[in-house]
Amino acid sequence: MRVVRLGSPELAQLLASIGEGAAQRERDDVSPFDQVAAVADAGLGALPLTGGSIRDLLRFVIDLAEADPIVAHVLRTHYSQTLGFVRGGHTRWLDEVRAGKVFGNAISETGTVAAGNHDFTTTLTRTAHGWVLDGVKYYSTGTLYSDWISVAARVEGDRVATVLVPATRPGVEVVDDWDGMGQSRTGTGTTRFDHVAVAPDEFLTVRPRAEPRPAADVPFLQLYLHAVVAGILRSVATDAAALVRSRTRTFDHAPTSQPVDDPILQETVGRLVSTAWVAESAVLAAADTVQAAEDAVRAGEPTDDVGRAASVAASAVKVHLDRVAADAATALFDVGGASASCRAKNLDRHWRNIRTITLHNPASYRATALGRLWISGEPLPRNGYF
């Protein structure tokens, strides 16, 4: 398998090819199977194994999201899982990553249990013939494109096991039923497991249900989403500038006769450029804090301080970006006339994609948790969002 290096001309060519037709694929509801495969075939799924930092990885994610935020989002669990393989020294699974395999997820469930709680109804049961997996998962982002599926399930006693099963194993059904207004082809659908056989060597971890995850794990997953948002914001700024350049007329009461000379439009584009730059800078700065937590876990010293710092950084980025990113995607239309809303241009995809990503967890709850921490020292929640 060839390995495309970060910063290389080959990577620039790959990103350009992924970006070509991305807006049309989304408009026509076409899944980017070829584009996800191209990333894997280029060895880019193994980036966490090459000695680079989380900052390097998320910088690539921003670049990829600028080209196609669907492809970038598809790989979120893959990269998180790969970091876990490195952390745990799981040679077998590291070899699968090196071979270009893609890892998806089947973690979330619906029902009456609060989101972020690991009180799963999916079960792993020991039978006379071995372990079997039964249950239904939702929001399985990326699983439609994966070779292996990471599944969380309740196992004997009040414990949770994470197992890895092939997407093609009998009893596994990946349903492409996600109908969100944005990120529509991420494969964020339902995954069903009907008496699926699980081998002992396919168990990754078994832990008490209430035991918190490694300090860097959840902050990385949350920050990753905003790396995707930062990439989209680059596209917002680029599309806004292109829209101004494409206009041949303006309004009778505009300050200039040519849109490209209009200081009002220039200011709007300048603000969009600034928003994109600040978003990227914030994500990369937070990535260093998540790296510190990751380093502490790998060194066997996962202190509360480094874990809290990573959660605070990822949360702060979300609380700020959720609002300004959606506003920027709306302001894009301020530099165009009514024609900017044409379906052929598909410029509304930026707002829809950003807003869908921000809905993964409410910024209001995150801001409130940060406020409680700063005011009274109340610890941040310990769940799948912090």
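Helices, here runs of at least four residues assigned H or I by DSSP, are numbered from the N terminus. The structure described in this report is a predicted model.

**Cavities**

Searching the whole structure reveals three cavities of 30 Å³ or more. The largest cavity holds about 50 Å³ of space. Helix 2, which spans residues 22–27, supplies three residues to the lining of this largest cavity, the largest share. The lining as a whole consists of Ala-22, Arg-25, Glu-26, Val-30, Pro-32, Asp-68, Ile-70, Ser-184 and Arg-185. Sorted by class, the lining of the largest cavity contains four nonpolar residues, one polar residue and four charged residues.

**Annotated domains**

Two domain annotations come from an unreviewed UniProt entry. The record gives residues 108–196 for "domain: Acyl-CoA oxidase/dehydrogenase middle", and residues 226–361 for "domain: Acyl-CoA dehydrogenase C-terminal". The table sets out the computed make-up of each span.

| Residues | Helix | Strand | Separation of end C-alpha atoms |
|---|---|---|---|
| Residues 108–196 | 0% | 49% | 18 Å |
| Residues 226–361 | 71% | 0% | 12 Å |

**Nonpolar cores**

The largest nonpolar core comprises 72 residues, and Leu-58 and Tyr-79 have the most contacts inside it. Helix 8 contributes 16 residues to this core, the largest share. A second core, separate from it, has 17 residues, among them Trp-131, Leu-133, Ala-161 and Val-165.

Tyr-79 also illustrates how residues from separate parts of the sequence are listed together as contacts. When neighbours within four places in sequence are left aside, Tyr-79 is in contact with Val-39, Leu-44, Gly-45, Leu-47, Pro-48, Leu-57, Phe-60, Phe-220 and Tyr-224.

**Two individual residues**

Ser-140 belongs to strand 3, which covers residues 130–140. Is Ser-140 buried or exposed? Ser-140 is classed as buried because its relative accessible area is 0%, and the cut-off for a buried residue is under 20%. Not counting residues up to four places away in sequence, Ser-140 touches Asn-105 and Ala-106, as well as Gly-187, Thr-188, Gly-189, Thr-190 and Thr-191.

Ala-215 is placed in the loop between strand 8 (203–208) and helix 8 (217–246). Which residues does Ala-215 contact, leaving aside its neighbours within four places in sequence? They are Ala-293, Val-297, Gly-307 and Ala-310. In addition, the C-alpha atoms of Ala-215 and Arg-308 are separated by 8.0 Å, although these two residues are 93 residues apart along the chain.

Terms used: Residues are numbered from 1 along each chain as its sequence is written. This is a predicted model: local features need pLDDT of at least 70, side-chain atom pairs count only at pLDDT 80 or more; totals for chains, interfaces and linings use all residues. Side-chain values use heavy atoms; hydrogens and water are left out. On a 1 Å grid over the protein atoms alone, a cavity is a set of points where a 1.4 Å probe fits but cannot get out, and a pocket is an open set with protein on both sides within 12 Å along at least five of seven lines; lining residues have an atom within 4 Å of a point. Grid points are joined across faces, edges and corners, and a volume is the space filled by probe spheres set on the points. Helices (H or I, at least four residues) and strands (E, at least two) are DSSP runs, numbered from the N terminus. Ala, Val, Leu, Ile, Met, Phe, Trp, Tyr, Cys and Pro count as nonpolar, Asp, Glu, Lys and Arg as charged, and the others, Gly among them, as polar. UniProt positions are given in the numbering used here, feature names are shortened, and annotations may be inferred rather than shown by experiment. Buried means under 20% relative accessible area, exposed over 50%, partly exposed in between (1.4 Å probe, protein chains only). Contact means heavy atoms within 4.5 Å. A nonpolar core is a set of buried Ala, Val, Leu, Ile, Met, Phe, Trp, Tyr and Cys residues joined through side-chain atoms within 4.5 Å.
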